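Work through the exercises below with the sequence and the 3D structure open beside you. Each task sentence is followed by a solution that goes step by step.

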Amino acid sequence: MTSDNDRRRGLLARLRGRPAARSRGRRRLGAAFRLIAALTLAGGAYTVFAPGVQAQENPPLTGAAAEGKALFDVSCVTCHGRNAQGVEGRGPSLIGVGSASVEFQVGSGRMPMARQEAQAMRKPPVFTDEQVRQLGQYIQELGGGPQVPQGDLRAGANLATGGELFRINCSQCHAFGGGGGALSSGKYAPSLKPASDAQIYAAMLSGPQNMPVFGDNQITPEQKADIIAYIQETLKADQDQGGLNLGRYGPSTEGLAIFLVGIVALVFTSLWIAGKS
């Protein structure tokens with residue numbers, strides 16, 4: 001009898017547990033449905049708002065930059081890549097170099113390069129000034145970077161200060177007369193004679209080849225104006241306040257002249273005096 005009662009109680013307990021198990025199953029199913037509904041809602045919201053966010057992160061190019069991109073895709077993409085990210089063994093990335101680098105490299109005809117060399121040589125420019133501006137605007141909007149200011153780059157310049165700054169910062173490579181000079185590994189500091197105001201300013205901002213970067217923290221815009229004025233109005237004007245310039249190569253030619261003229265003259269003078277005595 002006891003055994004039958006125990007079996008009945010166990011059966012009743014199992015029957016009572018089934019609705020509880022079914023209830024838990026329904027709750028789990030409901031939770032899964034709510035999770036799927038929440039994920040679907042979140043995905044729909046992202047789909048609606050994501051294009052607007054992308055448009056803000058990648059604003060459309062201005063008219064000048066769009067023209068520059070068209071030029072870039074024809075003349076520069078082979079070496080610098082479709083998005084100016086650079087191509088290994090051909091050309092560096094242009095992200096972050098700014099329009100200043102384009103002003104110097106393209107405006108002076110160094111780019112496009114005819115072949116890979118130790119240093120890009122100055123050549124007649126391939127692009128017009130307007131096209132250089134458009135290319136620079138495209139690179140500027142693509143990755144940012146230093147820009148050459150608009151307007152007169154020599155405004156309020158002081159020639160004396162410019163000469164002092166030039167002798168301290170530039171003459172070691174470009175020589176005291178701005179004629180340039182040889183560097184290591186087949187590179188050289190170019191002559192400053194054909195450089196425009198914008199190209200000199202851009203070179204100081206971008207630091208092409210072996211040239212260091214002279215940002216506004218190293219040389220202020222006012223000091224850059226002084227240097228440009230000194231180069232353009234003194235060095236290029238052939239003003240040699242010290243007399244004979246000896247080719248404007250600096251101490252090397254001066255030392256050679258002293259040896260060939262001064263020492264030789266002293267030797268012959270000594271021999272003449274000895275002969276007379």
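The exercises that follow go from the whole chain to helices, cores and single residues.

This is a predicted model, in which local features need pLDDT of at least 70 and side-chain atom pairs count only at pLDDT 80 or more, while totals for chains, interfaces and linings use all residues. Residues are numbered from 1 along each chain as its sequence is written, and side-chain values use heavy atoms, with hydrogens and water left out.

**Exercise 1. Describe the secondary structure of the chain and find how much of the chain is buried.**

Begin with the elements, where helices (H or I, at least four residues) and strands (E, at least two) are DSSP runs numbered from the N terminus. The chain has ten helices and two strands, and along the sequence they follow the pattern α-α-α-α-α-α-α-β-β-α-α-α.

Next take burial, for which buried means under 20% relative accessible area, exposed over 50%, and partly exposed in between, with a 1.4 Å probe and protein chains only. Of the 277 residues in the chain, 30% are buried.

Then turn to contacts, meaning heavy atoms within 4.5 Å. Among the contacts in the chain with a separation of 6 or more, 60% are between residues 24 or more positions apart.

**Exercise 2. Work out how α6 is placed against α9, and which residues of α6 are buried.**

First compare the axes, which are lines fitted to C-alpha atoms, for helices over the stretch in contact, with angles from 0 to 180 degrees between N-to-C directions. The axes of α6 (residues 159-169) and α9 (residues 221-235) come within 7 Å and cross at roughly 95°. Therefore α6 is roughly perpendicular to α9, a label given to angles of 65 to 115 degrees, whereas those under 35 count as roughly parallel, those over 145 as roughly antiparallel and the rest as oblique.

Second, look at the residues that meet: on the α6 side they include Leu165, Phe166 and Arg167, and on the α9 side they include Ile227, Tyr230 and Ile231.

Third, list the buried residues of α6, which are Gly162, Gly163, Leu165 and Phe166. Seen down the axis of α6, these residues fall within an arc of 165°, so they line one face of the helix; the arc is that of the directions from the helix axis to the C-beta atoms. Their cover includes α7 (171-174) and α9, while the face turned away from the buried side carries the exposed residues Ala160 and Ile168.

**Exercise 3. Identify the residues with the most contacts inside the largest nonpolar core, and the elements that contribute to this core.**

A nonpolar core is a set of buried Ala, Val, Leu, Ile, Met, Phe, Trp, Tyr and Cys residues joined through side-chain atoms within 4.5 Å. The largest one has 22 residues, and Phe166, Ile227 and Ile231 have the most contacts inside it. Two or more residues come from each of α4 (98-105), α6, α8 (197-206) and α9, and α8 gives the most, with six. A second, separate core of 14 residues includes Cys76, Val77, Val132 and Ile139.

Now consider α4 by itself: seven of its eight residues are buried, which leaves the helix mostly covered. Among the buried ones are Val102, Phe104 and Gln105, and what covers them includes α5 (129-143) and α8.

**Exercise 4. Examine the loop between β1 and β2: where does Leu183 stand in exposure, and which residues does Leu183 touch?**

Leu183 lies in the loop between β1 (181-182) and β2 (188-189) and is partly exposed, with a relative accessible area of 30%. Not counting residues up to four places away in sequence, Leu183 touches Cys173, Tyr188, Ala189 and Asn210. Leu183 and Asn210 are 27 residues apart in sequence, and their C-alpha atoms are 8.5 Å apart in space.

Ser185 lies in the loop between β1 and β2 as well, and is exposed at a relative accessible area of 66%. Its phi is near 60°, a positive value in a residue other than glycine.

**Exercise 5. Locate the cis peptide bond, and describe the backbone and burial of Ala175.**

The cis peptide bond joins Met111 and Pro112, with omega about 0°, and Pro112 is in the loop between α4 and α5. Ala175, in the loop between α7 and β1, has a positive phi of about 70° although it is not a glycine. At 10% relative accessibility, Ala175 counts as buried.
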